[in-house]
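Me: I would like to learn how to read sheets, helix packing and buried residues in a model. Can we go through one example together?

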Amino acid sequence: MKICVVAETAPREARVALIPDSVSKLVKAGHEVVVQRGAGVPAHFDDASYVAAGASIANDADTAHAGAQVVVRVQRPDASEVTRIPEGAVLVSLMAPATAHATVNALSQRRVTSLALELVPRITRAQSMDVLSSQATVAGYKAVLVGASLMPRFLPMLTTAAGSITPAKAFVIGAGVAGLQALATARRLGAVTSGFDVRPAAAEQVKSLGASFVQSDVVRAASEDKGGYAKAQSDDEAARTLATIGTHIVSQDLVVTTAQIPGRAAPRLITADMVRAMKPGSVIVDLAAETGGNCELTVLGETVNENGVLVVGAANLPATMPTHASQMFSRNVLTLLQYLVNTDGVLSIDLADEITGAMVLTHAGTPKGR
Ligand code: NAD
């Protein structure tokens, strides 16, 4: 099977879909891997390391795609890039399905089967293929570092000849994969940590990381759907959530927000008035900025200063740590490819399969569900 690794074209995307270590495993399994020249360079994997892993290097995107049965990338191709994918091939990529209409149309015209990495089911069996989890881990870690670097104060407690420093307070809203990693990172840096989520299961996880859990009567089993995700709140629950957060946030120095509802805009959990009630010098890092933000003042990709409180509209933080983000992404893609390859060494797409069926966006060109 010929697998093509594409150089990413999205602005500021520095990750690569397969790193040399994974390429070497695919080559050993009998596959041919072609890497577009320079594809790994932004993530610090040079062409020579891919050649050493057994790949060949193609000079440009057209040559890399020629004859490929599988095309792997991090970000979805635009409609013009789809024309390079050989007819009938399989595309494995993040697809941002909600806004992928033009790409899906182009894939349909070329009879391409596409697997959207973000549609991986959140089940134990699929955990090692789950790029949402691996990249959320990177984002949660980096969010704390971004916030800490903008703060005018230390995170840890210090006792020095120049006096004592009290530890900063770090508050994480949304204790899923990114939020738990943010709590762990802030704690490692010495902050006094607290977390909040609407799912009761999150309370124990927050506490296990040495953080306190901010209690509210909106935290109840019915807040969670059967997939483990949060459900959208009623107006009354949302108002009570805002009251809980509003009381706690005023004393916080660093806030990381990660709250998401699958398929919807991010819930609004920090109002402009709450920001104005915080101490100048406090920092909010909004990891939900790409889906509209948890904070009313968030602007995607920008840092807003409101009365001395900084609100960071974090955009694609995993791409700012491309080496490890790519290593984890690549491992997820490798595991998925290994899962899809049948005993004859050919990729087989079983729409009835719990994992594959959930991830298919177009099958032999036909958009799913038609
Ligand atoms: P996510 O990115 O969808 O949301 C982040 C967090 O925001 C979640 O914890 C959610 O409960 C919380 N949230 C939503 N609305 C909120 C509100 N109004 N106020 C406060 N918090 C709010 O979540 P995620 O990180 O993808 O994880 C979701 C669930 O899936 C978790 O239970 C996680 O353990 C589980 N999970 C399972 C697997 C697996 O089994 N393969 C993999 C990853 C995650």
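Me: In which sense do strand E5 and E6 pair, and over how many bridges?

Reply: The model is a predicted one. Strand E5 (residues 90-93) pairs with E6 in the parallel sense, and four bridges link the two. To see the register, take Val-90, which stands opposite Thr-113 in E6.

Me: What does E6 do towards strand E16?

Reply: E6 and strand E16 (residues 360-363) run antiparallel and are joined by two bridges. Here Ser-114 is the residue opposite Thr-362 in E16. Helix H5 (residues 101-109) packs on this sheet and touches E5, E6, E16 and E17. The direction of H5 makes about 35° with that of E16.

Me: Which residues of strand E6 point to one side, and which to the other?

Reply: In a regular strand, side chains alternate between the two faces of the sheet. In strand E6 (residues 113-116), Thr-113 and Leu-115 are on one side, while Ser-114 and Ala-116 are on the other. These four residues are all buried, and both faces of the strand are covered.

Me: What is the strand order of the sheet that holds E6, and which strands are at its edges?

Reply: The sheet is open and has eight strands in the order E3-E2-E1-E4-E5-E6-E16-E17, with mixed pairing. Strand E3 (56-58) and strand E17 (366-367) each have a single partner strand, so each has one side without a neighbour in the sheet.

Me: What is the order of the sheet of seven strands?

Reply: That sheet is also open with mixed pairing, and its order is E11-E10-E9-E12-E13-E15-E14. Strand E11 (212-213) and strand E14 (303-306) are the edge strands, each pairing on one side only. Within the sheet, strand E13 (residues 283-286) runs parallel to strand E15 (residues 309-313), and four bridges join them. Val-285 stands opposite Val-312 in E15.

Me: How many residues does the largest nonpolar core have?

Reply: In soluble globular proteins, nonpolar side chains tend to be buried together. In this model the largest nonpolar core has 56 residues. Phe-196, Leu-254, Val-256 and Ile-270 have the most contacts inside that core. Another core lies apart from it and has 40 residues, including Ala-55, Val-72, Val-74 and Val-90.

Me: At what angle do helix H6 and helix H11 pack?

Reply: Helix H6 (residues 131-150) and helix H11 (residues 322-340) pack at about 170°, and their axes are 9 Å apart. An angle over 145 degrees counts as roughly antiparallel, and H6 and H11 are therefore roughly antiparallel to each other. On the H6 side the contact is made by Val-131, Ser-134, Gln-135, Thr-137 and Val-138. On the H11 side the residues are Ala-325, Met-328, Phe-329 and Asn-332.

Me: Is Phe-329 buried or exposed?

Reply: Buried means under 20% relative accessible area. Phe-329, which lies in helix H11, has a relative accessible area of 0% and is therefore buried. Setting aside residues up to four places away in sequence, Phe-329 touches Val-131, Ser-134 and Gln-135, among others. Its contacts also include Arg-15, Ala-17, Arg-73, Val-74, Leu-94 and Leu-117.

Me: Which side chains make polar contacts with that of Asp-130?

Reply: The side chain of Asp-130 has a polar contact of 2.9 Å with that of Arg-122 and one of 2.8 Å with that of Ser-133. Asp-130 sits in the loop between E6 and H6, and its 4% relative accessibility makes it count as buried. Leaving aside neighbours within four places in sequence, Asp-130 is in contact with Val-120, Arg-122 and Asn-332.

Me: Where is Ser-216 placed?

Reply: Ser-216 is in the loop between E11 and helix H9 (235-249). With 13% relative accessibility, Ser-216 counts as buried. A polar atom of the Ser-216 side chain lies 3.1 Å from the backbone nitrogen of Val-218. Beyond neighbours within four places in sequence, Ser-216 is in contact with Phe-196 and Thr-244.

Note on methods:
Residues are numbered from 1 along each chain as its sequence is written. This is a predicted model: local features need pLDDT of at least 70, side-chain atom pairs count only at pLDDT 80 or more; totals for chains, interfaces and linings use all residues. Side-chain values use heavy atoms; hydrogens and water are left out. A nonpolar core is a set of buried Ala, Val, Leu, Ile, Met, Phe, Trp, Tyr and Cys residues joined through side-chain atoms within 4.5 Å. Buried means under 20% relative accessible area, exposed over 50%, partly exposed in between (1.4 Å probe, protein chains only). Two strands pair if DSSP finds at least two bridges between them. A polar contact is a pair of N or O atoms within 3.5 Å; within protein, one must be able to donate a hydrogen and the other to accept it, and residues adjacent in sequence count only if both atoms are side-chain atoms. Contact means heavy atoms within 4.5 Å. Axes are lines fitted to C-alpha atoms, for helices over the stretch in contact, and angles run from 0 to 180 degrees between N-to-C directions. Angles under 35 degrees count as roughly parallel, over 145 as roughly antiparallel, 65 to 115 as roughly perpendicular and the rest as oblique.
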